[in-house]
Amino acid sequence: MDRREALSPRRRRQVARVIGYVLFAAAVLGVVVAADWGRLADAFFRLDIASGMFPEAITVALRNTIAYTLLAFVFGLTLGLALALMRLSSILPYRWFATAYIELFRGLPALLVLFMVGYGVPLAFPDREIPGGVYGSVTVGLGLTAAAYMAETIRAGIQAVPKGQLEAARTLGMSHTRAMVSIILPQAFRIVIPPLTNEIILLTKDTSLVYVLGVTATTIELTKFAGDTLNTRVNPTPLVVAGLLYLVITLPLSQLVRGLERRAGRER
């Protein structure tokens with residue numbers, strides 16, 4: 001009998017997996033051997049430049065990045081919840097408005113929305129301004145886009161709750177609003193916590209677009225701070241530092257998402 005035919009399907013998968021690991025390791029080793037690490041270190045890992053970015057990289061740039069993320073998330077979550085409820089409403093104009101909003105802002109780039117909030121709103125309303133200066137503009141600009149995505153996430157979470165829950169609450173004499181607030185929404189939010197946490201990660205990266213609003217030394221975020229330092233020192237090391245600081249935010253959030261997903265899977 002041919003040796004190949006004698007291998008069981010499980011054994012073949014194991015052999016294929018080992019071959020894949022070997023090829024991957026060989027490719028990585030080839031890159032490591034071929035790379036000019038001296039030039040890479042001089043271009044991207046200058047410790048003298050990196051150390052010169054602190055403490056401002058943390059006390060100003062990282063702090064503002066986190067602040068922009070949290071403000072936009074709270075704004076987007078609040079608006080997204082309202083849009084999700086309107087999307088599920090029995091009142092037709094509400095559904096039309098929510099659907100149009102979601103489709104519009106999911107189709108527009110976040111950069112364009114930020115630009116229109118930062119420059120279009122002041123032109124349209126010259127005697128008024130968004131409270132909070134740059135912080136307010138970022139909150140609205142990023143929050144408007146995030147709300148469209150969060151609305152669909154929350155809507156899916158509400159629809160994932162068995163309809164019998166609402167019917168049972170109505171049978172007990174609860175109004176539709178009270179049943180939704182007390183029974184349905186708490187269960188829906190437990191379902192959508194992982195994707196909403198992913199939205200925080202996306203918003204963290206979207207804060208790199210804030211530069212279009214003309215930030216100052218006190219409102220600067222990580223990407224703009226790294227870009228300015230790069231222009232001053234003519235070396236890309238600041239971009240590596242900014243990337244590492246972004247990972248300080250996003251990696252714990254990614255682990256949190258995985259933990260929540262595993263917990264939700266066990267509960268099911």
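Two residues are said here to be in contact when their heavy atoms lie within 4.5 Å. That cut-off underlies much of what follows for this model, which is predicted.

The fold may be introduced through its secondary structure. The chain contains 12 helices and 0 strands, so that reading along the sequence gives the pattern α-α-α-α-α-α-α-α-α-α-α-α. As to overall dimensions, the C-alpha atoms fill a box of roughly 75 × 70 × 30 Å along the principal axes. The radius of gyration of the chain is 25 Å, whereas a compact globule of 268 residues would have a value near 18 Å.

How are the contacts distributed along the sequence, and what does the surface consist of? Among contacts between residues at least 6 apart in sequence, 78% join residues at least 24 apart. The accessible surface comes to about 16,400 Å², and carbon and sulfur atoms account for 65% of this area. Of the 268 residues, 34% count as buried. With regard to charge, the chain carries 27 positive and 17 negative side chains, and the centres of these two sets lie 12 Å apart.

The interior can be followed through its nonpolar cores. The largest nonpolar core comprises 34 residues, of which V138 and V210 touch the most other members. Two or more residues of this core are given by each of α5 (56–87), α7 (110–124), α8 (134–160), α10 (176–206), α11 (222–233) and α12 (237–267). The largest share, 7 residues, is supplied by α5. Which residues surround V138, once its neighbours within four places in sequence are left aside? V138 is in contact with Y68, A72, L114, G143, V210 and L213. V210, which is named with V138 among the residues touching the most other core members, is thus also one of the contacts of V138. Apart from this core lies another, of 12 residues, including A98, I102, F105 and L144.

Two details of the backbone deserve attention, and each is located in a loop. The peptide bond from F54 to P55 is cis, with omega near 5°. P55 itself is found in the loop between α4 (47–52) and α5. The second detail concerns V234, a residue other than glycine whose phi is nevertheless positive, near 50°. V234 lies in the loop between α11 and α12. Is V234 buried or exposed? Its relative accessible area is 71%; because a residue counts as exposed when this value is over 50%, V234 is classed as exposed.

Note on methods:
Residues are numbered from 1 along each chain as its sequence is written. This is a predicted model: local features need pLDDT of at least 70, side-chain atom pairs count only at pLDDT 80 or more; totals for chains, interfaces and linings use all residues. Side-chain values use heavy atoms; hydrogens and water are left out. Helices (H or I, at least four residues) and strands (E, at least two) are DSSP runs, numbered from the N terminus. The radius of gyration is taken over C-alpha atoms; the globule rule is 2.2 Å times the number of residues to the power 0.38. Buried means under 20% relative accessible area, exposed over 50%, partly exposed in between (1.4 Å probe, protein chains only). Accessible areas come from the Shrake-Rupley method with a 1.4 Å probe; for residues, only the protein chains shown count as cover. Lys and Arg count as positive and Asp and Glu as negative; His and the chain ends are not counted. The place of a charge is taken as NZ of Lys, CZ of Arg, CG of Asp or CD of Glu. A nonpolar core is a set of buried Ala, Val, Leu, Ile, Met, Phe, Trp, Tyr and Cys residues joined through side-chain atoms within 4.5 Å.
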